[in-house]
There are 2 protein chains.
Amino acid sequence: MSLVTPFAGHRLDRADPIRHDAERLAELRQPNARLLRLEGLIPRLGPDQRVQWDRLGDAPEGADVVFLGLLDGEPLFAAVPTDGDPDPAYTRRETWAAIADLPADELALYGGARSLLDWHARHRFCANCGQPTMLAKGGWQRDCLACGAAHFPRTDPVTIMLVEHRGPKGSRVLLGRNARFPGRSYSALAGFIEPGETIEEAVAREVFEEAGVRVRDVSYIASQPWPFPSQLMIACHAYADDDALTLDATELEDAQWFTRGQVIEAFEKGQESASFVPPFPLAIAHHMLRWWLETNDG
Amino acid sequence: MSLVTPFAGHRLDRADPIRHDAERLAELRQPNARLLRLEGLIPRLGPDQRVQWDRLGDAPEGADVVFLGLLDGEPLFAAVPTDGDPDPAYTRRETWAAIADLPADELALYGGARSLLDWHARHRFCANCGQPTMLAKGGWQRDCLACGAAHFPRTDPVTIMLVEHRGPKGSRVLLGRNARFPGRSYSALAGFIEPGETIEEAVAREVFEEAGVRVRDVSYIASQPWPFPSQLMIACHAYADDDALTLDATELEDAQWFTRGQVIEAFEKGQESASFVPPFPLAIAHHMLRWWLETNDG
């Protein structure tokens, strides 16, 4: 079973050669070219619940404009808002409401654009020397004219893992909740991959740090671009031989092993009767649990 | 066959709780604690060809110091050099010479330390407001006191792929060379994963951009932290049904399909008689090719 994750599946031609061709870029920047309609970083949808396009000529004066790529041969642009997301990891209700019903390809287009725009809005200065930087390569780079440094959009790899224990109680998976989760919500453990470690090492470290559990046989499941602000979620499966938990209270409010039956119930029943509330469908953790139900026979 | 990659396999306890505990950190920062011996970013080895440790009290006055973690319970530190690497992607001969014979765990320790130190040296200012930032959390964060932004070390995910074509000529893999490679060297194609795409989408995009080849059935092989400056190399395999090449001359000087026999020859014979020079053993591409020889029967 191959996992298709939300925020994947864009239909853009990223047209890398155009980014490097200032003349071609200038030709494409016609006043009637398409400009993604946003209010800050939130998409303004049409009555059909799809993303809308303004004209490039309508971009605020002086705004940085990024070239998203070509869609069916037509160039798409977006304007960098004045402010980035002040709390990018826990974004606002209005964003979720706006994107809940977008078709997959538009969700992916929006997600990629959002990450790029938010990066520009929060990275207007050179980290090397402190001077202002200028947008370059159609928005896929920022250049410092003072010290010559080039800066690139961030994509931060994060591991998210389904740890499985097989024992007398059958197969169970480890899910946790932190204090910011809504009531009774549990999800897969996750954490940023650090310099100097592999994906597999990061999985083992995170599970041990957060839950005190040693894992073996880490395997890759799927990946997902997550635009709050710009993570690459790397989903893995791993086995634990010992199910004793020692929780890191600063990371997790609770963590528990859930049986196949409890996971099925959580998806099928409402919040009231199930033993936990599963992650929502935009999260890769939701699809990891469904993948586990499909591929594991209990 | 599971791949163990160079720069993986560190033995550090990254001791995340200590990073967040200023008091504990201060206790560990004793003048006689271990400080990694570096000249700039290059390790200064002992006569035994292993990394050496100075005392924390010997760190240059005013230098930022990072807490690498605990090794066998003992805290390890390293001092941020004045300058980062001016050309971090193509590092200097002295570095390769210094690390060529390090044992795997020390190579991994050095790699992780190097990425972190280079990031600090090249990110002393706030990208959000341009003011100087201060090292925080033992070196795993930098804080801006002016605007309140927190900044984290970069880890940039890169896909590197072995594209395979099966046809009348047997199984062949696609390798390319760019103009900066030494003569007749070929390696796996590679490229940064961008905001808004999955690992699998990035693989397909890169191969099409660089070589004009469409791929299917992308699968994950292994990962490697690469400290020049701080990539996470994500190795994948993919199939191509059409072997026609259209090269992007700005990325590749040449690309060719190589047979199993040619790859075996490249590893076994010297430079003179083989059809190409394979990637060196520190590169994950070297191990991807060996993995392919092991798992593919031609």
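## Report on a predicted two-chain model

Gln49(A) is found in the loop between strand S3 (42–43) and strand S4 (53–55) of chain A; helices (H or I, at least four residues) and strands (E, at least two) are DSSP runs, numbered from the N terminus. This is a predicted model, in which local features need pLDDT of at least 70, side-chain atom pairs count only at pLDDT 80 or more, and totals for chains, interfaces and linings use all residues. Residues are numbered from 1 along each chain as its sequence is written, while chains are lettered from A and ligands numbered from 1 in the order in which they are written.

**Backbone features in loops**

Although Gln49(A) is not a glycine, its phi is positive, at about 60 degrees. Gln49(A) is partly exposed, with 13 other C-beta atoms within 10 Å. A residue is called buried if 20 or more other C-beta atoms lie within 10 Å of its own, exposed if 12 or fewer, and partly exposed in between, with C-beta atoms placed from the backbone. In chain B, Gln49(B) lies in the loop between strand S3 (42–43) and strand S4 (53–55). Gln49(B) has a positive phi near 60 degrees and counts as partly exposed, with 13 C-beta neighbours inside 10 Å.

Each chain also has a cis peptide bond before a proline, as tabulated here.

| Cis peptide bond | Omega | Place of the proline |
|---|---|---|
| Phe228(A) to Pro229(A) | near 0 degrees | loop between S13 and S14 of chain A |
| Phe228(B) to Pro229(B) | about 5 degrees | loop between S13 and strand S14 (231–240) of chain B |

**Strand S14 and helix H7 of chain A**

S13(A) and S14(A) form a hairpin with four residues between them. The two strands S13(A) and S14(A) are joined by nine bridges in the antiparallel sense; strands are taken to pair if DSSP finds at least two bridges between them. Within this pairing, Pro225(A) stands opposite Leu232(A) of S14(A). S14(A) also runs parallel to S10(A), with ten bridges between them, and Ala235(A) in S14(A) is the bridge partner of Ile160(A). S14(A) is mostly covered, since nine of its ten residues are buried.

Helix H7 (residues 284–295) of chain A has twelve residues and should span 16 Å at 1.5 Å a residue, which agrees with the 16 Å between its end C-alpha atoms. The expected span is 1.5 Å times one less than the number of residues. Which residues of H7(A) are buried? They are Ile284(A), Ala285(A), His287(A), Met288(A) and Leu289(A). These buried residues of H7(A) pack against strand S10 (156–167), strand S13 (215–226), strand S14 (231–240) and helix H6 (260–268) of chain A.

**Domains of chain A**

Chain A is divided into domain 1 (16–117) and domain 2 (156–295), with bounds that come from an automatic or database domain assignment. Taken over C-alpha atoms, the centres of the two domains of chain A are 32 Å apart. Nine residues of domain 1 of chain A are in contact with six residues of domain 2 of chain A, contact meaning that the C-beta atoms of two residues, placed from the backbone, lie within 7 Å.

**A small sheet of chain B**

In chain B, three strands form an open antiparallel sheet in the order S7-S8-S9. Strand S7 (133–136) and strand S9 (150–151) of chain B stand at the edges with a single partner strand each, so one side of each is left without a neighbour in the sheet. Strand S8 (residues 141–144) of chain B pairs with S9(B) in the antiparallel sense over two bridges, and Asp143(B) stands opposite Ala150(B) in S9(B).

**Relation between the chains**

A turn of 180 degrees and a shift of 0.0 Å along the axis lay chain B on chain A with an RMSD of 0.0 Å. That is the relation of a two-fold axis. The copies are superposed by least squares on the C-alpha atoms of residues with pLDDT of at least 70 in both. Among the residues of chain B, Gly130(B) comes closest to the rotation axis, at 2.1 Å (C-alpha).

The contact between the chains takes 41 residues from chain B and 41 residues from chain A. On the side of chain B that touches chain A, the elements giving two or more residues are helix H4 (104–122), strand S10 (156–167), helix H5 (199–211) and strand S13 (215–226) of chain B. H4(B) gives the most to this side, with six residues. The copies meet through the same surface, because 100% of the interface residues of chain B are also interface residues in chain A.
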